[in-house]
Amino acid sequence: MIEIKKLIKQADNKIILRGIDLSIKQGETVAILGPNGAGKSTLLKVLATLIKPTSGLVKINGLDLKKDQIEVKKIFGYLPHSSLLYDHYSPLENLIFFGKLYGVKNIEKRATELVKEVGLSFFINEPVKNFSRGMIQRIAIARAIVHDPKILLLDEPHTGLDQGAISILNNVILSMKEKGSTTLMVTHDFKQAAEICDRIIIIKNGKIADDFKINEKSLSVVSEKYQLQVEGVS
Ligand SMILES: Nc1ncnc2c1ncn2[C@@H]1O[C@H](COP(=O)(O)OP(=O)(O)OP(=O)(O)O)[C@@H](O)[C@H]1O
Ligand SMILES: [Mg+2]
């Protein structure tokens with residue numbers, strides 16, 4: 001589903017991604033871990049077609065990221081650090097706006113359902129500018145999935161969420177997985193990674209340092225491997 005070969009990203013004479021080779025199958029839920037500045041967000045931005053790779057090949061469902069950008073954009077739902085929402089719009093207006101961009105049918109109904117799903121029905125018509133960080137993140141999650149993407153790219157999605165919102169987000173990811181969607185999630189939260197992901201990738205200095213499957217929500221395995229690769233502790 002996602003095929004990455006010899007991906008290199010250079011910016012300002014700095015090599016950020018140093019040859020990433022990665023293959024991800026449909027339905028996988030993958031956590032990307034790694035220290036600050038490792039290149040994790042950069043990798044997601046390349047996949048979301050926000051920045052161009054310097055060299056290498058990326059194929060999504062057989063489509064070439066470089067040549068078929070418009071088709072590829074529809075496959076992805078991208079949740080970056082910033083919410084991408086319009087401040088003066090309400091949750092409903094934001095979701096309708098983004099849904100229309102993607103050509104979602106019955107968007108009013110879909111948007112109303114999503115606002116309910118993320119637990120903000122009470123604030124459905126309030127401008128987003130008055131919302132707390134966690135409330136904005138909830139709407140940003142709804143925005144990322146408004147067009148039912150086949151692949152979810154989530155950059156530190158749990159940041160700022162309360163326990164209720166963490167459950168909502170995890171349920172969104174798991175229910176999309178049941179429908180066959182694939183998730184790539186950058187996170188510093190090992191607990192959430194172990195809880196919902198079936199594969200862990202550790203990136204360090206722009207390279208993949210480890211790549212392994214996890215079973216039975218094993219947090220200790222994730223922590224041990226991370227310490228070994230990133231902190232040099234065994
Ligand atoms: N447009 C750019 N121009 C120059 N350097 C950049 C650019 N974008 C990112 N970088 C650098 O690339 C490196 C990787 O950045 P990136 O945001 O991918 O890290 P990250 O792994 O997501 O880190 P964090 O965990 O802190 O979010 C950093 O050193 C950053 O300063
Ligand atoms: Mg980042």
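These legends go with close-up views of a predicted model.

**View 1. Six strands make up an open sheet.** Read across the sheet, the strand order is 6-7-8-3-9-10, and the pairing is mixed. The edges belong to strand 6 (76-79) and strand 10 (207-213), each of which pairs on one side only. Going from one strand to the next, the twist averages 15°.

**View 2. Here we zoom in on strand 9 and strand 10, which run antiparallel.** Strand 9 covers residues 199-204, and six bridges join it to strand 10. Looking for a pair to pick out? Try Ile201, whose bridge partner in strand 10 is Asp211. Strand 10 is also one of the edge strands of the sheet.

**View 3. Helix 1 lies across several strands of the sheet.** This helix takes in residues 40-47. Beneath the title's "several" are strand 3 (29-33), strand 6, strand 7 (151-155), strand 8 (182-186) and strand 9. Relative to strand 7, helix 1 runs at about 145°.

**View 4. Helix 3 and helix 5 cross at roughly 25°.** Helix 3 spans residues 91-101 and helix 5 spans residues 133-145, and their axes come within 9 Å. Angles under 35 degrees count as roughly parallel, and these two helices are therefore roughly parallel to each other. Their crossing is right-handed.

**View 5. A closer look shows who meets whom between helix 3 and helix 5.** From helix 3 come Pro91, Leu95 and Phe98, and they meet Ile139, Ala142 and Arg143 of helix 5. By type, the contact residues divide into five nonpolar, no polar and one charged.

Key:
Residues numbered from 1 in each chain as written. Chains lettered and ligands numbered in written order. Predicted model: local features only at pLDDT ≥ 70, side-chain atom pairs only at ≥ 80, totals over all residues. Heavy atoms only, no water. Axes fitted to C-alpha atoms, helices over the stretch in contact; angles between N-to-C directions. Helix = DSSP H or I, 4+ residues; strand = E, 2+ residues; numbered from the N terminus. Parallel < 35°, antiparallel > 145°, perpendicular 65-115°, else oblique. Left-handed = near helix turned anticlockwise from the far one by under 90°. Contact = heavy atoms within 4.5 Å. Nonpolar A, V, L, I, M, F, W, Y, C, P; charged D, E, K, R; others polar. Pairing = 2+ DSSP bridges.
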